[in-house]
Each structure stands twice: as C-alpha cells, then as structure tokens.
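Reader: I'm new to this structure and would like some help reading it. Could we go through it together, one feature at a time?

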Protein chains: 2
Amino acid sequence: MFESAELGHKIDKATFSRKAPALREALLDAQYEAVEKKAFPIILLVGGVDGAGKGETVNLLNEWMDPRHIQTHAMGMPSEEQRERPPMWRFWRELPPKGKLGIFFGSWYTEPIVARVYARTKRAAFDESLEQTLRFERMLVDEGALIVKLWLHLSKAAQKKRFETLESDPNTAWRVTKNDWKNVKRYDAFRSISERALRQTSTAEAPWIIVEGADARYRTLTVGNVLLKAIRERLDRDAAEPAASRAAAPKAGREALVVSPRVDKLDILRSLDLTKKIAKPKYEKELLALQARLNQLSRHPGGGKHGVALVFEGNDAAGKGGAIRRITGALDARTYHIIPIAAPTEEERAQPYLWRFWRHVPRRGRFAIFDRSWYGRVLVERVEGFARPDDWMRAYTEINDFEAQLAADGTIVVKFWLAVSQEEQLRRFKEREKTGFKRFKITDEDWRNRKKWGDYEVAVCDMIDRTSTEEAPWTLVPANDKYYARVMALRTVCDRLEKAL
Amino acid sequence: MFESAELGHKIDKATFSRKAPALREALLDAQYEAVEKKAFPIILLVGGVDGAGKGETVNLLNEWMDPRHIQTHAMGMPSEEQRERPPMWRFWRELPPKGKLGIFFGSWYTEPIVARVYARTKRAAFDESLEQTLRFERMLVDEGALIVKLWLHLSKAAQKKRFETLESDPNTAWRVTKNDWKNVKRYDAFRSISERALRQTSTAEAPWIIVEGADARYRTLTVGNVLLKAIRERLDRDAAEPAASRAAAPKAGREALVVSPRVDKLDILRSLDLTKKIAKPKYEKELLALQARLNQLSRHPGGGKHGVALVFEGNDAAGKGGAIRRITGALDARTYHIIPIAAPTEEERAQPYLWRFWRHVPRRGRFAIFDRSWYGRVLVERVEGFARPDDWMRAYTEINDFEAQLAADGTIVVKFWLAVSQEEQLRRFKEREKTGFKRFKITDEDWRNRKKWGDYEVAVCDMIDRTSTEEAPWTLVPANDKYYARVMALRTVCDRLEKAL
C-alpha cells in the first residue's frame with residue numbers, strides 16, 4: 001500500500017510558490033463557507049510514520065486556514081480522568097461541531113497500532129479494535145460528518161536520514177527523542193501493522209490517503225489539495241441536494257413505522273401484569289430496608305471500579321421522577337448526578353446524537369441517573385418522524401455498541417421501562433390538571449403523545465427486543481401502583497450492584 | 001432479545017383460515033412481479049432453535065409460492081469438495097440470481113454459532129466471523145440483494161415440550177434425533193451465543209426478525225407477512241426510483257475519477273524502468289531453467305495444501321497471453337485452468353460482481369490463471385463509468401476481503417501488472433494490424449482505451465496502492481521487452497511457491 005509513497009516525490013520551489021497562494025485562498029474560502037453554513041463537522045486524522053512531517057502539516061493548516069475555526073487535538077496517552085471512562089470517551093468529547101475543523105494529530109488509531117507493534121495485544125484484539133473503529137466512523141458519516149484520513153509515510157531509509165539530518169543541526173537536534181530511535185528499530189513491524197490497519201479501515205466514505213512525507217513542499221501541496229477537494233465536493237453536493245431534503249422523514253403512515261408486521265395482539269407490554277401492588281405499610285418497611293441496602297452497596301470498596309448508569313424510560317406520568325428520588329434518597333449527593341433529557345440544545349444538535357450522552361458517562365465510583373435517555377431516538381424521534389427509518393434502525397446497533405463499550409469498561413448499566421395502563425395514565429393526567437403544584441407537569445404534548453399510544457407501544461416493544469442484552473438488560477416495571485414500581489426499581493438496582501461487586 | 005418471542009403467541013384456526021388465502025395470493029403476486037422484472041435477488045435466511053419449525057416454514061413457503069423460482073439450500077456441514085475452498089465458497093455458489101428467492105435453511109451463521117456453543121472456537125474468533133458476515137451481507141446489499149433474516153425461537157420449556165410431543169406419537173417420533181436431545185442440554189449456551197450473533201449482525205438494511213415458533217399458525221402468518229412486506233416495499237421503492245437512475249454513473253469529468261488529487265507527475269508506473277531487457281540466448285536458457293524449477297515445485301508434496309491463483313493484468317498488448325503460455329508450458333494440463341475474463345454473461349450480470357470469480361476459485365493442488373480479473377471493477381469499469389464512484393471505491397475493500405479469504409485458506413495469490421510504454425503499445429498495435437493471424441487481437445476498443453491512457457494510469461496506481469497487501473502483493477513487470485517480462489513472471493511464481501511450500 002505504501003509503494004506510491006516511496007517514489008521520492010518532490011516539488012521545486014518555483015512551482016510551489018506559484019501554486020501555494022491559490023490553494024491557500026481556496027482552502028480559506030471553503031472553510032468560511034463551511035463555517036457560515038454550519039455545514040458539517042470536518043474531522044481530519046493525521047497519522048503516519050514519525051518524522052514524516054505530521055506536526056509541520058498540522059501547523060501549516062493552522063497557518064493557512066483560520067485557526068479560530070480549527071480545533072487541534074494532540075491525543076497522547078489517556079489522562080487519569082480519561083482512564084476512568086471507556087477508551088472512546090475522550091474522542092467523543094473532542095468531536096468538532098458542524099462547520100468546524102477538528103484535527104486529530106494522533107487519533108483512535110494510535111493506541112491500537114502502538115500496542116500491537118510492541119506486542120502488548122494479540123492480532124484478534126487488534127482486529128477487533130479496527131472493527132470498532134470502522135463502526136464508529138460509519139456512525140460519524142451517517143450522522144453527517146466529513147472524515148479525511150491522512151497517513152504521512154516515509155521509507156525506512158528516508159526515516160533514518162531524516163532523524164540524522166535533524167540531529168546534525170543543533171537547532172533541530174532536540175526534535176529527535178530517544179523514543180524516536182527506539183521506534184526506528186520497530187519500523188518493519190510498524191509498517192506491516194499500519195498496512196493492516198489502513199487496509200481494514202479504508203472505506204468508500206472515508207478512505208485513507210497516503211502521502212509521502214519526505215519533501216515538505218510536495219507534502220504540503222498534497223495535503224492542502226486533499227483537504228480542499230474533500231470539503232469542496234461535500235459543500236457542492238450539499239448545495240445540489242440540501243441536507244434538509246435528505247433528512248426529511250418520508251410521510252410515514254403507520255406502515256412505514258413497522259420493523260416486522262404483527263399478526264396478533266400479544267406483545268411484551270400487554271403481557272405485563274399491571275395489577276401488581278403493595279400495601280402502604282409493607283411499602284414503607286421495604287423501602288427503608290432497600291435504601292439501607294443500596295447505601296451500603298454504594299459504599300462498597302469494590303465500587304471504585306465501576307460507574308453506574310441508571311436509565312429511566314416509561315410512559316408519561318408513569319412515575320419516573322418518584323422512583324428516581326427513592327434511589328437518590330439512599331445515595332451520597334456527591335456520588336450521583338441526575339441528567340434530565342429534554343430536546344437537544346443548539347450545541348448538542350451540532351453533534352452526532354449520542355454525543356450528548358457520552359458527555360455524561362459516569363466516572364468510576366459514580367452514579368449517572370438518566371431521566372429519559374438515548375432511547376429517545378427509537379421512541380419519540382421514531383414515532384414523531386424526527387428521525388428517518390434508516391436512522392432509527394441503525395440506532396439500535398449504535399446504542400448496543402455504546403452500551404457494550406460502557407459495560408466493557410466496567411460500567412453497570414441498568415435500564416427501566418415504567419409501564420402504566422392507558423386508563424391509569426388518564427387518571428393521573430386529570431389529577432395533575434386539578435392539583436396546582438402538579439399542573440406544570442402536564443402539557444399539551446402529553447395529550448398529543450397519548451393519542452399515539454399504539455405507535456409508542458410498537459416502538460417500545462421493538463426497543464426492548466433489539467436492545468435488551470446480557471450486559472445491559474431491560475427491566476420492565478408494572479407501574480400502575482407507584483409503591484410497587486419504586487420497590488421493584490430499587491431492588492433491581494441493588495441486585496445488579498450486588499452481582500457486580 | 002427473545003422476550004417477545006416467549007409470550008405464547010397463538011392464532012386460532014378461524015382467524016388463520018380468514019387471513020391465509022389473501023396473504024398467499026399477495027406473496028405469489030410479489031414473487032411473480034420480482035421474477036418478471038428480474039428485479040433483485042431475494043435471500044431468505046431461516047435460522048433458530050431446533051424444533052421451532054424451520055423445516056415446516058421452508059416447506060410452507062415452497063407450497064405457497066411458485067417453487068420453480070425458489071432455490072432451497074439446506075446447508076449442513078461442508079462436503080469434501082467444499083472443504084477444498086474457502087468457507088464462504090459454497091454460499092457464493094448458491095446465491096440466487098435477480099428475481100429468484102434463495103432460502104438458506106442453515107446459513108453462514110450456523111457453523112460459527114455451533115462451533116462456539118461446543119467451545120471449539122474462542123470468543124474473539126467468533127466475533128471475527130460475525131464481522132466477516134457483516135461485511136459479506138453489506139456487499140450483497142450494496143450489490144442490490146434483498147436480505148431477510150428470520151430467527152425462529154422457542155423457550156427452553158417450549159423446546160422440551162415440543163420434542164416430547166413429537167416423540168410420543170409413533171408417526172413423528174423419527175423427527176427427534178439423539179442430536180436434538182444433545183443440543184437441548186446446551187440450550188442456555190445456544191441462546192446466549194445466538195443473542196450475541198443476532199445483536200452484532202442486525203443492521204438497518206438487514207435486521208433480524210425474531211419469530212416465536214411454538215404455534216404453527218402464528219409462525220406461518222408472521223413469516224409470510226415479513227417476507228411479503230420486505231419484497232413489496234422493495235418493489236415499490238424500485239418502481240418509484242428505478243435502479244437504472246440510481247446506478248447511472250454521474251457525468252464524470254476527470255475530476256470525479258480521482259481518489260486523491262496529484263500535485264506532481266511522479267507515480268509508481270512512471271517510476272518503472274521499462275528499458276529492462278534480456279538478450280534472446282540468455283532468455284532461452286533462463287526460460288528452460290525456470291520452467292524446470294516450476295514443474296518441480298508444482299509436483300511438491302506440500303502443494304496439496306495450496307491452491308494457486310495467478311492474476312494477469314496489464315496494458316492492452318502488454319503480452320499477458322505470452323507470459324501465461326510460458327507458465328502453463330511448465331505445468332501438467334490436468335492441474336491448471338485458464339480463465340479469460342471478458343464482459344460478464346447474462347447469468348453473471350444477475351449476481352454480485354465477485355460471484356463470477358468465486359466460481360473459479362482453485363481447489364487445493366490446482367492453478368487458476370486469470371487473464372484479466374476482478375480488478376476490472378477498479379480499472380475499466382471505473383474509467384468507463386460503468387461503475388459509480390461509490391461502487392468502485394468499496395470494491396477495494398471487497399477485493400481485499402476476497403483475497404484475504406483466499407490467503408487464509410492457503411491459496412497463494414500472485415498478481416502481475418504488465419506495463420508497456422505508450423510508444424511500444426502503438427508499435428505492437430500497428431504490427432498486429434499488419435500481421436494476418438494477429439489481426440483478431442486488435443479491436444476498435446483497444447484504440448479507444450489508448451485515448452484514455454492517463455485515466456487508466458491513475459486507476460492502476462490507485463489499484464496498486466489500495467490492494468497490494470502482504471498476503472497478496474502486486475508485482476509490476478516492465479514489459480517493453482517480452483523476454484524480460486516472461487522471465488520475471490515465471491521467476492516470481494517460482495519464488496512465491498517456494499516460499500509457501
């Protein structure tokens with residue numbers, strides 16, 4: 001794969017001086033157009049061989065383009081704080097919003113490749129990390145990002161020569177580290193492993209572009225042209241076919257909302273026994289016992305290895321808030337954080353939809369309690385047509401990947417669906433309208449949602465079927481009786497913690 | 001994931017009798033429409049728990065629909081002949097052409113799941129096989145196939161009950177085998193491993209549909225409706241937006257043909273030294289020695305483990321045929337097969353584009369010599385606009401996957417690009433036109449291709465950069481001198497065989 005990048009490409013000074021100004025202007029134009037339109041996030045990965053000019057390339061782009069709209073991330077080894085979250089967390093946090101250019105100098109490829117070169121991981125684990133990367137990048141592309149992947153290459157001889165030249169000049173000798181020479185010895189392994197990585201992750205949407213790094217002028221012109229072509233073509237494509245028309249949900253009759261047609265009335269929600277209840281005295285006793293148990297568990301020394309993510313979904317007025325308060329009542333306020341999920345903010349809308357949840361991934365030893373969650377994508381967004389069928393269909397996979405990453409990192413994921421009957425919901429709506437301090441809790445939207453009861457039922461059943469996994473199973477809670485629901489939620493949390501600790 | 005398929009779904013006889021006839025007719029209508037339009041291949045996977053009615057379902061579809069347009073494949077363990085090729089070979093061979101329904105009763109999922117249940121493979125290898133499957137299915141979808149994946153499920157208790165019922169009746173007792181009872185004991189492992197497989201491979205384009213298998217009438221109606229919905233929606237979509245308009249290549253100026261813009265004139269083809277030559281006496285001596293060496297290698301006892309695939313690509317009139325004849329001259333005619341690749345046949349056009357090459361994958365101990373090859377996709381199809389940029393871009397990955405599967409199975413893949421200069425080609429064209437017995441070798445198309453020399457050059461360089469891999473590297477052969485080219489090709493084949501044996 002590196003053949004063409006070992007030919008000794010060179011651009012003479014005169015040619016460079018002739019071509020550079022126009023390229024620079026065109027790049028700047030493209031950048032401003034992307035910024036003004038808040039068009040799409042531009043993600044530029046700069047990887048490659050040490051000494052091939054990665055740093056110079058990044059510096060130059062910052063010089064040529066408007067650095068106010070560029071975020072450069074030199075991602076080294078993860079920090080203490082970063083280590084307390086899943087490995088991809090730090091990359092999610094740094095994704096550029098629409099219109100901005102995010103340069104990742106050292107990307108999600110660096111660690112897997114280095115670990116493999118130094119034989120700290122096996123081939124199978126390496127391949128698995130590449131597959132994860134593929135899925136991550138596909139998600140970014142599906143969410144509208146433009147990804148440009150540059151690999152700056154030097155032949156073995158050219159690398160050696162480059163370091164020797166730098167060392168021989170006292171002004172640049174500092175740029176060559178001991179580590180660089182150590183890596184030179186691993187050149188062949190690095191080349192072979194990089195080749196595998198590049199091959200496996202070069203896709204039609206986000207191909208790797210390999211650039212010979214030896215000659216600075218050649219490298220600069222090539223990188224500039226690659227980036228310009230990618231941004232320009234995407235801007236032109238979007239202008240010809242506005243994102244709005246692509247994103248518009250097709251006029252969805254009930255038909256289009258169905259993954260699999262149904263032939264009877266039985267489903268997992270209807271098979272729930274909603275008559276389950278607990279008498280008040282028993283409830284009060286159990287509540288106290290369970291809260292004591294949860295408090296003890298939350299102070300368990302093994303808890304330091306685990307974050308806990310509690311997800312509360314359910315019908316409107318099913319009592320999510322009440323159940324959450326019975327749980328937080330047992331916890332030290334410094335250890336938990338409640339995240340109420342409403343419509344996304346402007347900042348959040350400029351990012352892939354899972355971004356706003358990655359922001360709140362709990363550190364080890366902490367609880368993150370989601371009052372509604374990422375499942376909005378396959379519930380309200382699906383039913384209301386805010387997301388296209390393609391988008392919510394792929395969301396099942398993306399959500400499973402997300403939760404699998406949390407679980408693999410030790411996070412305990414507990415998911416609740418609180419179910420009430422249509423009649424009980426109506427009773428609670430009316431009660432809320434009558435009771436002054438509860439009136440803010442009932443809106444027109446609640447009444448509108450109620451009319452789509454059947455559609456939501458289908459969406460909830462599909463959600464449970466497609467995202468209830470061994471690592472992150474759903475717990476369905478009959479919630480017509482609030483006491484019963486609260487006790488069941490508390491007990492489930494305790495059981496899951498106990499099992500994990 | 002199986003929650004909804006353990007609820008005890010049931011359809012009573014009256015309902016079934018009312019609904020079945022209309023469903024049957026609609027299915028037949030959809031089938032005939034697909035057949036008449038030669039619309040798209042329909043691939044139906046039927047997997048699931050033993051005893052959940054997989055066989056009955058397949059029989060019923062053959063009864064309800066026109067069996068002349070259905071190919072049912074009960075894929076058990078691979079046969080002797082199949083074992084001599086890569087594992088996916090047997091599935092490629094059985095893919096249905098456009099308009100036909102191919103039912104895979106036991107699919108590419110069966111072996112990985114069973115091997116994992118019986119702990120013959122590790123988790124990492126299992127996951128890798130799922131990823132391969134994902135890529136395979138994505139390729140099929142990109143190539144236009146409709147994939148419907150059914151999983152028939154039974155709870156543990158229901159499975160046991162089903163087998164007991166069958167056994168208690170002398171008429172059906174034969175249907176329960178010892179193996180079935182053996183598998184029952186592994187139910188929990190099977191369920192957990194299947195869940196993982198289904199979750200990882202459920203995509204927006206080809207989601208798994210899980211169907212409770214206990215009640216025959218419920219199962220039948222559901223399967224029928226799922227299949228009908230999938231075919232119908234796709235037919236309607238294609239009618240609204242004809243495949244022709246989707247497949248049409250955008251009016252490609254030279255710009256659109258470029259993966260990465262170039263800033264100088266140097267490339268891997270131009271850096272070849274085409275002046276290399278060998279004098280005739282030396283050529284004759286070396287030819288004999290190399291042919292003797294190749295003959296010996298071809299009779300090496302270790303050769304029984306390896307198939308050999310030789311790929312010859314090159315400029316028109318570069319001497320591919322001559323080089324091939326010097327190789328076959330050293331081989332036993334029973335051991336090789338030359339596959340000249342021209343435009344695809346009608347049968348081949350009804351299949352994914354790699355299908356016609358999978359047909360010719362060599363058995364162990366045999367040579368398959370491709371005179372032109374699957375690389376047509378990224379050469380002529382790219383340059384002439386027969387394939388859209390999306391299609392030839394993804395072809396690099398698909399080709400790498402294909403060759404990696406060959407290599408993993410022990411096949412030695414040797415790829416040649418025979419390069420001549422523009423002047424030398426002109427000389428040969430003119431010579432051919434003058435020489436009577438060579439005149440058939442030169443066509444108008446050759447002259448047309450010549451005009452696109454620059455486009456082909458770009459395509460060849462991209463091809464080499466993106467598909468030259470450790471397992472299957474490209475060898476670039478300077479072919480202005482035929483003697484030099486033939487000797488180099490022969491020697492390369494010998495070296496590769498020697499290294500592998």
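Reader: Which residue of chain B comes closest to the rotation axis?

Author: Keep in mind that we're looking at a predicted model. The residue you want is B:Ala124, whose C-alpha sits 3.1 Å from the axis.

Reader: And what rotation superposes chain B on chain A?

Author: A turn of 180° does it, with 0.0 Å of shift along the axis and an RMSD of 0.0 Å. The two copies are thus related as by a two-fold rotation axis.

Reader: Through which surface do the copies meet?

Author: Through the same surface, because 100% of the interface residues of chain B are also interface residues in chain A.

Reader: Okay, on to charges. How many salt bridges does the structure hold over all chains?

Author: The general idea is that side chains of opposite charge can pair when their charged atoms come close. Here the count is 97 over all chains. One of them joins B:Glu471 and A:Arg196, at 3.9 Å from N to O. That pair crosses between chains: B:Glu471 is in the loop between helix 20 (453-467) and strand 10 (474-478) of chain B, while A:Arg196 is in helix 9 (residues 187-201) of chain A.

Reader: Are those two partners buried or exposed?

Author: A bit of each kind of answer. B:Glu471 counts as partly exposed at 28% relative accessibility, whereas A:Arg196 is buried at 15%, since buried means under 20%.

Reader: What about A:Glu286 and A:Arg491: where do they lie?

Author: Their side chains meet in a salt bridge of 2.6 Å, N to O. A:Glu286 lies in helix 12 (residues 280-298) of chain A and A:Arg491 in helix 21 (residues 482-500), so the pair ties together parts that are 205 residues apart in sequence. A:Arg491 is partly exposed, with 33% relative accessibility.

Reader: How many residues apart are B:Lys282 and B:Glu286?

Author: They're 4 residues apart in helix 12 (residues 280-298) of chain B, which means about one helical turn separates them. Their salt bridge is 3.6 Å, N to O, and B:Glu286 is buried, at 18% relative accessible area.

Salt bridges can also share partners: one network in chain A includes A:Asp142, A:Arg377 and A:Glu398.

Reader: Last one: how many disulfides does a search of the whole structure find?

Author: It finds 0 over all chains. As for individual cysteines, A:Cys461 is buried with a relative accessible area of 1%, and A:Cys494 is buried with 0%.

Notes:
Residues are numbered from 1 along each chain as its sequence is written. Chains are lettered from A and ligands numbered from 1 in the order in which they are written. This is a predicted model: local features need pLDDT of at least 70, side-chain atom pairs count only at pLDDT 80 or more; totals for chains, interfaces and linings use all residues. Side-chain values use heavy atoms; hydrogens and water are left out. Copies are superposed by least squares on the C-alpha atoms of residues with pLDDT of at least 70 in both. Contact means heavy atoms within 4.5 Å. A disulfide is a pair of cysteine sulfur atoms within 2.5 Å. Buried means under 20% relative accessible area, exposed over 50%, partly exposed in between (1.4 Å probe, protein chains only). A salt bridge is a side-chain nitrogen of Lys or Arg within 4 Å of a carboxyl oxygen of Asp or Glu. Helices (H or I, at least four residues) and strands (E, at least two) are DSSP runs, numbered from the N terminus.
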